[in-house]
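Me: I have a model open and want to go through its layout with you. Can we start with the basics?

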Amino acid sequence: MRNKKIGIVSLGYAWLPCEAGPSRFYYIARMLSEEGYDVDLIGSSFQHFKKEPRDKKRILSQNYPFKITFIDVPPYKRNIDIRRVLSNREAAKNVMKYIVKHRYDLIYCSIPANNISAKVGAYCKKKHIPFIVDVEDLWPEAMEMVVKIPVIKRFIFAPFLRDAERTYSCADAVIGTSDEYTNRAFKYQDRNVLRETVYVGCDLDVFDAGAASHINDIEKDKDGFWVTYAGSIGASYDIRTLVQAAGLLLKEGYENIRIKILGTGPLKEELEQMSQKQGCRNVEFLGYTKYPLMAAYLKKSNILINSFVKGAPQSIVNKVGDYLAAGKPVINTLENPEFMGIVERNRIGVNIEPENAELLAETIERLYEDIHACQFMGENARKLGENRFDRKRSYQKIIEVADQLIGQDG
């Protein structure tokens, strides 16, 4: 496969180890490079998760085994914002200007953003270039939580649905980050193309090394019991109920149970103020935390929480791989049947009703009182992480799909 060229297009997700930590697309690029492919990782000049320009000079000073290309895009301030829509329009134009100037034997593209993947897919179909779609999130489904009026939803989100179907109609293979996401590509058009589910996962070696390098930097009382959330603080993620449960735990006298919230997002300041007003001295918002330090916090914790609001459209989210790597029991409020089944079958934690502060507090109390159950579920979590979520193993499926398509094309 040497000299075969692959373009990986992922403007919102292609961050690198010197940033928030190595992403799915960094690993795909690296593994394809190790297989002898000439890889071009095409990302954005704007860092989506921090809403600021990327440090291109620092990134390019690192020694990567593949080419890195930055596509210029206008900035925006919020995840759901007309400026983000306009930014994605400009990004799509700039991506296509770049792609048409280069020759690729295969293009691997994330969705969302739907308009970018639709344009890339149409170009690949026209030029007979094998096109793999990686389903990272569901647009417009994930956005519809914000707009509650059905008629307005249909009007606003129709272009996102149209572009999603255009993308899937052009795909020669679909890689989903969960079965639900993989199957979404075939909901309205059952085509006979390659399909695989490959969880986002994590690199267990990188996680373990990061945790080991920072574990002694984190102070914890001898009798401290930490319940930790790591991830975005936005509309889908139910940090509000977690703060309310913390208040109930204080009232019950559980002074040594502490809630640690790692991450940032549009609701962070509002929820911090709410926590302070309610006197939740057992809640700490740690903000954006670099990956190695985050890994150490997860390892140092006693329980990890996958906290979502009712009706959240997410499936097997990014944090799951890191949670499993930490080897801790998980309290899950995400109603997604696929992930709830994983929790139950593998006995890695407890599924509970979302947005129920009393039930959440009771569940935390129950696990706090049962150290053996916590140990049992934590061991199961680590085993599952090793078997199904370690990128070194699981991403081989992606390499096999790329090999097959390029072999067919050749």
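Reply: Helices (H or I, at least four residues) and strands (E, at least two) are DSSP runs, numbered from the N terminus. On that basis the protein chain has 16 helices and 15 strands. This is a predicted model, where local features need pLDDT of at least 70, side-chain atom pairs count only at pLDDT 80 or more, and totals for chains, interfaces and linings use all residues. Residues are numbered from 1 along each chain as its sequence is written, and side-chain values use heavy atoms, with hydrogens and water left out.

Me: What radius of gyration does the protein chain have, and what would a compact globule have?

Reply: The protein chain has 21 Å, which agrees with the value near 22 Å for a compact globule of 410 residues. The radius is taken over C-alpha atoms, and the globule rule is 2.2 Å times the number of residues to the power 0.38. Along the principal axes, the C-alpha atoms fill a box of roughly 65 × 50 × 40 Å.

Me: How much of the protein chain counts as buried?

Reply: 59% of the 410 residues. Buried means under 20% relative accessible area, exposed over 50%, and partly exposed in between (1.4 Å probe, protein chains only).

Me: Switching to helices. At what angle do α7 and α10 pack?

Reply: About 80 degrees, with the axes of α7 (residues 204-214) and α10 (residues 291-300) 7 Å apart. That makes α7 roughly perpendicular to α10. The term covers 65 to 115 degrees; under 35 is roughly parallel, over 145 roughly antiparallel, and the rest oblique. Axes are lines fitted to C-alpha atoms, for helices over the stretch in contact, and angles run from 0 to 180 degrees between N-to-C directions.

Me: Which residues meet there?

Reply: From α7, Val206, Phe207 and Gly210 are among them, and the α10 side includes Tyr291, Pro292 and Leu293. Contact means heavy atoms within 4.5 Å.

Me: Is Ala164 buried or exposed?

Reply: Ala164 counts as buried, at 1% relative accessibility. Ala164 is found in helix α5 (residues 150-170). Leaving aside neighbours within four places in sequence, Ala164 is in contact with Ile111, Asn114, Trp139 and Arg184.

Me: How many disulfides does a search of the whole structure find?

Reply: 0. A disulfide is a pair of cysteine sulfur atoms within 2.5 Å.

Me: Why is Cys124 not bonded to Cys109?

Reply: The sulfur of Cys124 is 7.9 Å from that of Cys109, its closest cysteine sulfur, which is too far for a bond. Cys124 is buried, with a relative accessible area of 1%.
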